[in-house]
Amino acid sequence: MRLLGVGMCAAALLLGVVAAPAQAADGLRDLRGAGWALKQTGKDARFRGLAAVSRSTAWVTGSKGTVLRTSDGGRSWRDVSPPEAVAEGLELRDIEALDGRRAVALSIGEGEASRVLRTEDGGATWTEAFRNPDPRAFYDCLTFFDSRHGLAMSDPVDGKFRILSTDDGGRSWRVLPDSGMPDALTGEAGFAASGQCLVAAGPRDVWLATGGGAVARVLHSADRGLTWQVADSTIPAADPARGVFALAFRNRTRGLAVGGDYRTGQPSPRAAAVSADAGRTWRQASTPPPAYRSGAAWFPYGAGTALTVGPTGTDVTADGGRTWRALDPGSFDTVACAPDGGCWAAGEKGRVGRLEWSGKG
């Protein structure tokens, strides 16, 4: 769908969980003392695509065909933008890093504007792996299960969401049959807001978030996109600007959904929901974020700790998404955490931040 538009080293974090006093471990779980340290990118693009490889390495993608990569914790950024994407002003709304050198990026838009680009050399060169030939399709997000298997999703075509699949690391793609996909609701679509409207956990499970229809829904597949089950979320929809904008699953059962109404100044009173059964049912957060949120990520340490971001700030939960509290007032569109505890956020006007603790480098 068209959308207008971390200080401690990993070893110290692990030590904090394993050996620190109880109060220190509690502080880690709810991220007390943490905040976003801005990393100057030198760009004014809006970054809605983000891949966190580690505390030192991350990729961001955004408007004007921009792709940046850092390998030194954000102290410096290498502009690795694909020349054709820059020349055509493509909107690169999602990127998935297979490692520090290999990445797959998605540009959005109707027809041929939706493309998949791939690099194997840290962005020095890019190969176009897919160009959408169908003017009715509009791809929003992509995700990978492992270094070989991945999916991308399009807004409904002929009344059903369209799924694109790769089994060779993004080198080639094919449209999956839609016989196992439920019918879409009138006006239903995905939001290309943060690269998190399609997310995977484990080798076969994947979830798709929707909005714009009468109900905001979450679709789940346990067979890499061949068949899908659908569930209503508690996040309001019934408007093209409302719905679930991002999903995050810690494992194949525990998930978060965030969203709301992306229009400035519009209320989003039920902006978060949680699931404990692989997305079959969703429960409204008892204390949700105070406004629309477009991105979410689980923090690797602390079983119930997660972050959510949006234009009006960042919130954190320590109880698996039931209650949220404000962490930072800055504007971000997307957030991601690496296995070593390196969490990154990105957004408008070239903003990129890394989660850091007060007094820590």
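The legends below accompany close-up views of a predicted model.

**Figure 1. The whole chain, before we zoom in.** Let us start with the overall picture of this predicted structure. The chain holds 3 helices and 28 strands. Its C-alpha atoms fill a box of roughly 55 × 45 × 40 Å along the principal axes. The radius of gyration is 19 Å, which agrees with the value near 21 Å that a compact globule of 361 residues would have. Of these 361 residues, 61% count as buried. The accessible surface comes to about 13600 Å², and carbon and sulfur atoms account for 51% of that area. As for charge, there are 42 positive and 39 negative side chains, with the centres of the two sets 5 Å apart.

**Figure 2. Strand E7 and its partner strands.** Here we look at E7, which spans residues 103–110. Because 7 of its 8 residues are buried, E7 is largely enclosed by the rest of the structure. Strand E6 (residues 91–97) pairs with E7 in the antiparallel sense over 6 bridges, and a hairpin of 5 residues joins E6 to E7. To find your place in this pairing, look for Ile-95, which stands opposite Ala-105 in E7. E7 also pairs with strand E8 (residues 115–119), again antiparallel, over 5 bridges. There, Leu-106 has Val-116 of E8 as its bridge partner. A hairpin with 4 residues between the strands links E7 and E8, and Gly-111 in its turn has a positive phi of about 55°. Strand E10 (residues 138–144) runs antiparallel to E7 and is joined to it by 2 bridges. In this pairing Glu-110 stands opposite Phe-138 of E10.

**Figure 3. An open sheet of four strands.** This view follows the order E18-E19-E20-E21, an open sheet of 4 strands with antiparallel pairing. Strand E18 (242–249) and strand E21 (283–284) stand at the edges; each has a single partner strand, so one side of each is left without a neighbour in the sheet. Inside the order, strand E19 (residues 255–261) and strand E20 (residues 272–275) pair in the antiparallel sense over 4 bridges. Ala-257 is a handy landmark, standing opposite Ala-273 in E20.

**Figure 4. Two loop residues with a positive phi.** Most residues other than glycine have a negative phi, so the two shown here deserve a look. Lys-64 is not a glycine, yet has a positive phi of about 60°. You will find Lys-64 in the loop between strand E3 (58–62) and strand E4 (67–70), where it is partly exposed with a relative accessible area of 45%. Arg-224, also not a glycine, has a positive phi of about 55°. Arg-224 sits in the loop between strand E16 (217–221) and strand E17 (229–232). At 21% relative accessibility, Arg-224 counts as partly exposed, since buried means under 20%.

**Figure 5. Thr-323 and its contacts.** The last view takes us to Thr-323, in the loop between strand E24 (313–317) and strand E25 (325–328). With 30% relative accessibility, Thr-323 counts as partly exposed. Leaving aside residues up to four places away in sequence, Thr-323 touches Ser-286, Thr-287, Val-316, Thr-317 and Ala-318. For a sense of scale, the C-alpha atom of Thr-323 is separated by 44 Å from that of Pro-83, 240 residues apart along the chain.

Conventions
Residues numbered from 1 in each chain as written. Predicted model: local features only at pLDDT ≥ 70, side-chain atom pairs only at ≥ 80, totals over all residues. Heavy atoms only, no water. Rg over C-alpha atoms; globule rule 2.2 N^0.38 Å. Buried < 20%, exposed > 50% of the residue type's maximum accessible area, 1.4 Å probe, protein only. Areas by Shrake-Rupley, 256 points an atom, 1.4 Å probe, with all protein chains shown as cover. Lys, Arg positive; Asp, Glu negative; His and termini not counted. Charge placed at Lys NZ, Arg CZ, Asp CG, Glu CD. Pairing = 2+ DSSP bridges. Contact = heavy atoms within 4.5 Å.
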